[in-house]
Amino acid sequence: NYGQKLMAFSGFNLLHGFLRNNWNLTHSMANNFTAFTHASLSVLFAGSYLLSRQFEFSGAENLYKVCRIVSTGYFSYDIVHIITHGKRTKLNLLYLYHHLASTYLIQHNPVIYRCAEVLFWGELSNLPMYMVYYHIKSKSNKAIIDFWKTTQALGYTAIRLPILSYVTYDALSNVEDRFPIYTCLPVYFMGIFWSINLCKKLA
């Protein structure tokens, strides 16, 4: 299991290096595409796991194991990236906490703690953010940037407020050991704060 997570960690590092060396991307842009890859894979595998459980398909547990391995590998990669290349800012400290808390949560029972739902909806809400970053750094047309900013604000808020609020409440209401959820509550409130901030920018 640890070996598989190490392979996932190495895979994201190799992807970052490939993007920099073969696509001539800046360090931050390569990291943006690497994060986008993780978000897309999380949506794919977590979504497949949820559908498999819903229709009682075989192999659902294996799908979640893949999801957990991929996300643990990515969070580990980005922790190292932030420590070695990131500036000492409050935002990066929040990212470090996010990654550590999320890694801890997804190691637990996905049925009891709703881990797959958290990964699916959380990473789905993040997808437009990577497009915003890409178009800003690429100096795209303002109309394109505004489109993705609006998509980000509306999509992120629609997911983080009603959907993840319900998932969090439901998990807290149905588990005996709430500590794993408590560790991720600051991450949940970060999402609420960021939703409000995005909506203010649209106003």
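How far is the sulfur of C67 from the closest cysteine sulfur? The gap is 9.5 Å, to the sulfur of C115, and that is too far for a bond. C184 tells a similar story: its closest cysteine sulfur is again in C115, at 8.5 Å, also too far for a bond. A disulfide here is a pair of cysteine sulfur atoms within 2.5 Å, and a search of the whole structure comes back with zero of them. As a reminder, a disulfide is a covalent bond between the sulfur atoms of two cysteines.

Before going further, some ground rules. This is a predicted model, in which local features need pLDDT of at least 70, side-chain atom pairs count only at pLDDT 80 or more, and totals for chains, interfaces and linings use all residues. Residues are numbered from 1 along each chain as its sequence is written, and side-chain values use heavy atoms, with hydrogens and water left out.

**Overall build**

The protein has eight helices and zero strands, so reading from the N terminus the elements simply go α-α-α-α-α-α-α-α. Helices (H or I, at least four residues) and strands (E, at least two) are DSSP runs, numbered from the N terminus. The radius of gyration is 17 Å, close to the 17 Å that the globule rule gives for 203 residues, so the protein is as compact as a globular protein of that length. That radius is taken over C-alpha atoms, and the globule rule is 2.2 Å times the number of residues to the power 0.38. Along its principal axes, the C-alpha trace spans about 50 × 45 × 35 Å.

Of the 203 residues, 43% count as buried. The classes are buried (under 20% relative accessible area), exposed (over 50%) and partly exposed in between, with a 1.4 Å probe and protein chains only. The accessible surface comes to about 11,700 Å², and carbon and sulfur atoms own 65% of that. Areas come from the Shrake-Rupley method with a 1.4 Å probe; for residues, only the protein chains shown count as cover.

On to contacts, meaning heavy atoms within 4.5 Å. Take those between residues at least 6 apart in sequence: 69% join residues at least 24 apart. As for charge, the mean positions of the 17 positive and 9 negative charges are 16 Å apart. Lys and Arg count as positive and Asp and Glu as negative, while His and the chain ends are not counted. Each charge is placed at NZ of Lys, CZ of Arg, CG of Asp or CD of Glu.

**Burial, residue by residue**

Here is how some individual residues come out.

| Residue | Relative accessibility | Class |
|---|---|---|
| C67 | 1% | buried |
| G191 | 2% | buried |
| C184 | 12% | buried |
| L172 | 18% | buried |
| L63 | 22% | partly exposed |
| E56 | 71% | exposed |
| K139 | 74% | exposed |

**Residues in helices**

G191 sits in helix 8 (residues 179–202). Leaving out residues up to four places away in sequence, G191 touches Y156 and R160. The C-alpha atoms of G191 and F120 are 14 Å apart, with their positions 71 residues apart along the chain.

L172 belongs to helix 7. With the same sequence neighbours set aside (up to four places away), L172 touches R178, I181, Y182 and L185. R88 is another matter: its C-alpha is 33 Å from that of L172, at a separation of 84 residues along the chain.

L63 is in helix 3. Apart from its neighbours within four places in sequence, L63 is in contact with F45, S48, Y49 and S52. Measuring C-alpha to C-alpha, L63 and I192 are 29 Å apart in space, and they are 129 residues apart in sequence.

**Two loop residues with positive phi**

Which loop holds E56? E56 lies between helix 2 (27–54) and helix 3 (60–85). Its phi is near 55°, a positive value in a residue other than glycine. At 71% relative accessibility, E56 counts as exposed.

K139 is found in the loop between helix 6 (115–137) and helix 7 (142–173). Phi of K139 is near 55° as well, again a positive value in a residue other than glycine. K139 is exposed, with 74% relative accessibility.
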